[in-house]
Amino acid sequence: MATATDVPSANLQALIRAAAGGDHAAFAQIYQRTHVHLFGVAVRMLGQGQAAEDVLQEAYVSIWKNAGSYRSEVGGQPIQPMTWLIAIVRNKALDALRARARRPESAWNDTTELAGSDGDGSDAPPGAASALAPAPSAMHLLEQATQALRIEGCMNALDGSYRQSLALAYYQGLSHSEVAAQMGAPLGSVKAWIRRGLERLKSCLSAQGMGA
């Protein structure tokens, strides 16, 4: 069975262009082809079924409203449609993590929810329920949100090539050769960027009290 990452980029680009023109059928195809993969991105960042579903819904609303802003190339650098979609989900998830960090612990205790009435993830999008984890405690949520913000800050501090290669390898799950192809760079350079980027990321996080 094909996954979102198996969908040719040209097909997604065409669907996004059509959605930008108000084509609801094209938008429905974007959702059908990408929602499992994007839901997995949200779950990995948030760890909660319901929160991930909420973020996914917000992300697709944003995708529909902003489809016209997608560009396949920015500053001579190709931007794959899946990279653009993942970035929207990640930004929404980071917003949710920031909101958690600002929320009092008592509010967490009152509003923490599981997907489905018994927490089995039955309301999650098809194929995604197996990725759900039990609802974490309020203190764990705070720690998770803090770590996410620190990682984001350290990622943003990296040089462009390091940051982009790490994002493609670890957020989009591409192999080193796939990263090299997408960035239009030699494989050896990409491997070096990823290695050095990880070293600098580790140093940055260690300086903030987060171990390797």
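**Note on helix α3, the nonpolar cores and the aromatic pairs**

1. The buried residues of α3 (buried meaning under 20% relative accessible area with a 1.4 Å probe and protein chains only, exposed over 50%, and partly exposed in between) are G49, A51, A52, E53, V55, L56, A59, Y60, S62 and I63. This is a predicted model, in which local features need pLDDT of at least 70 and side-chain atom pairs count only at pLDDT 80 or more, while totals for chains, interfaces and linings use all residues. Residues are numbered from 1 along each chain as its sequence is written, and side-chain values use heavy atoms, with hydrogens and water left out.

2. Helix α3 covers residues 49–66, 18 residues in total, where helices are DSSP runs of H or I with at least four residues, strands are runs of E with at least two, and numbering starts from the N terminus. From first to last C-alpha it reaches 25 Å, close to the 26 Å expected at 1.5 Å a residue, the expected span being 1.5 Å times one less than the number of residues.

3. The largest nonpolar core (a set of buried Ala, Val, Leu, Ile, Met, Phe, Trp, Tyr and Cys residues joined through side-chain atoms within 4.5 Å) has 32 residues, and L38, Y60, I63, W84 and V89 have the most contacts inside it. Two or more residues come from each of α1 (9–20), α2 (24–46), α3 and α4 (81–102), with α2 giving the most, 10 residues.

4. Leaving aside neighbours within four places in sequence, L38 is in contact (heavy atoms within 4.5 Å) with L56, Y60, M82, L85, I86 and V89. A second, separate core has 16 residues, including M155, L158, Y162 and V179.

5. Four aromatic pairs are counted, under the rule that rings of Phe, Tyr and Trp (its six-membered ring) pair if their centres lie within 6.5 Å, with planes under 30 degrees apart taken as stacked, over 60 as edge-to-face and the rest as tilted. Y31 and Y60 make an edge-to-face pair, at 4.9 Å centre to centre and 65° between the planes, which links helix α2 to helix α3 across 29 residues. Y31 is partly exposed at 32% relative accessibility, whereas Y60 is buried at 5%.

6. For Y70 and W84 the ring centres are 5.3 Å apart and the planes stand at 55°, so this pair is tilted. Y70 lies in the loop between α3 and β1 (73–74), and W84 lies in helix α4, 14 residues apart; both residues are buried.

7. One aromatic cluster is formed by F27, Y31, Y60 and W64.
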